[in-house]
Amino acid sequence: MSLHHRPLRVRALSALPASMALLAVAACSPGGSEARVSPPPTPPDAVARLCAALHKELPETVAGLARTRTEPESDLTAAWGGSAIVLRCGIPKPPKMLDPKQDGVHVNGVAWLLEKLDDGSGGGFRFTTGLRLAYTEVQVDKEHATDAGMLVGLSTAISATVPEGISSY
């Protein structure tokens with residue numbers, strides 16, 4: 001999916017695979033009250049300002065999980081449910097963004113690259129915004145990746161704070 005120039009294989013949220021469309025009952029907060037999240041390398045000032053604006057607009061809950069304090073604290077990171085859902089804003093453009101074979105979804109006007117993680121921990125997903133002036137990634141553990149509505153609140157915050165365009169970073 002080439003989200004750098006134009007989306008190619010984009011599905012609507014309602015067309016997500018059945019495993020993604022199931023709603024998870026997830027009101028617990030795994031991982032404790034703090035999440036260790038490495039901020040991305042220092043982005044350009046304009047991108048950092050967009051990320052700071054996004055940070056202020058992020059929802060207090062995602063997929064039924066409460067927002068968690070990140071360590072180290074940064075306007076470039078956020079987490080919910082310990083480290084069940086982790087957001088990093090201001091990342092460099094992912095190389096997979098140019099691969100037309102990558103899958104993606106559009107949620108509330110925000111294009112997301114969808115990647116299944118095979119990191120040895122049982123999987124999960126990474127969603128990365130495209131066609132925005134700052135790239136934002138959201139990594140979700142396997143248990144909470146089944147809540148397709150998880151991206152709704154995040155997309156709303158992103159569309160309100162990170163303008164459409166092509167990031168040069």
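**Strand pairing and salt bridges**

Trainee: How many bridges join β4 to strand β5, and in which sense do they run?

Mentor: Two bridges join β4 to β5 (residues 77-80), and these strands run antiparallel. Please keep in mind that the model is predicted.

Trainee: Which residue of β5 is the bridge partner of Thr68?

Mentor: Thr68 has Ala79 in β5 as its bridge partner.

Trainee: And how many residues lie between β4 and β5 in their hairpin?

Mentor: The hairpin formed by β4 and β5 has five residues between the strands.

Trainee: What about strand β3, how does that run against β4?

Mentor: Strand β3 covers residues 61-62 and runs antiparallel to β4, to which two bridges join it. Within this pairing, Val62 stands opposite Leu65 in β4. The hairpin of β3 and β4 has two residues between the strands, and Ala63 takes a positive phi near 55° there.

Trainee: In which sense does β2 pair with β4, parallel or antiparallel?

Mentor: The pairing of strand β2 (residues 34-36) with strand β4 (residues 65-71) is parallel and extends over three bridges. Ala35 is the residue that stands opposite Thr70 in β4.

Trainee: Changing topic, how many salt bridges does the structure hold?

Mentor: The structure holds seven salt bridges. One of these joins Glu73 to Arg69, with the closest N and O atoms 3.0 Å apart.

Trainee: Is Glu73 buried or exposed?

Mentor: Glu73 is exposed, at a relative accessible area of 60%. Its partner Arg69 counts as partly exposed, with 39% relative accessibility.

Trainee: Which residue forms a salt bridge with Arg126?

Mentor: Arg126 forms a salt bridge with Glu115, and the closest N and O atoms are 3.2 Å apart. Arg126 belongs to strand β9 (residues 124-130) and Glu115 to strand β8 (residues 110-116), so the pair ties together parts that are 11 residues apart in sequence.

Trainee: Why does Glu115 count as buried, and what about Arg126?

Mentor: Glu115 counts as buried because its relative accessibility is 7%, and buried means under 20%. Arg126, with a relative accessible area of 23%, is partly exposed.

Trainee: Where does Arg132 lie?

Mentor: Arg132 lies in the loop between β9 and β10. The side chain of Arg132 meets that of Glu164 in a salt bridge, at 3.7 Å from N to O. Glu164 lies in the segment after α3 (150-161), while Arg132 is in the loop between β9 and β10 (135-141), so this salt bridge ties together parts that are 32 residues apart in sequence.

Trainee: Are the two partners, Arg132 and Glu164, buried or exposed?

Mentor: Arg132 is buried, with a relative accessible area of 4%, whereas Glu164 is exposed, with a relative accessible area of 60%.

Trainee: Going back to the other salt bridges, which residues do shared partners join into one network?

Mentor: Glu34, Arg69, Glu71 and Glu73 are joined into one network by salt bridges that share partners.

Trainee: One last point: which residues is Arg132 in contact with, leaving aside its neighbours within four places in sequence?

Mentor: With those neighbours left aside, the contacts of Arg132 include Gly109 and Val110. Ile158, Ser159, Val162 and Pro163 are also among them, as are Glu164, Gly165, Ile166 and Ser167. Glu164 is thus listed among the contacts of Arg132 and is also its salt-bridge partner.

Methods: Residues are numbered from 1 along each chain as its sequence is written. This is a predicted model: local features need pLDDT of at least 70, side-chain atom pairs count only at pLDDT 80 or more; totals for chains, interfaces and linings use all residues. Side-chain values use heavy atoms; hydrogens and water are left out. Two strands pair if DSSP finds at least two bridges between them. Helices (H or I, at least four residues) and strands (E, at least two) are DSSP runs, numbered from the N terminus. A salt bridge is a side-chain nitrogen of Lys or Arg within 4 Å of a carboxyl oxygen of Asp or Glu. Buried means under 20% relative accessible area, exposed over 50%, partly exposed in between (1.4 Å probe, protein chains only). Contact means heavy atoms within 4.5 Å.
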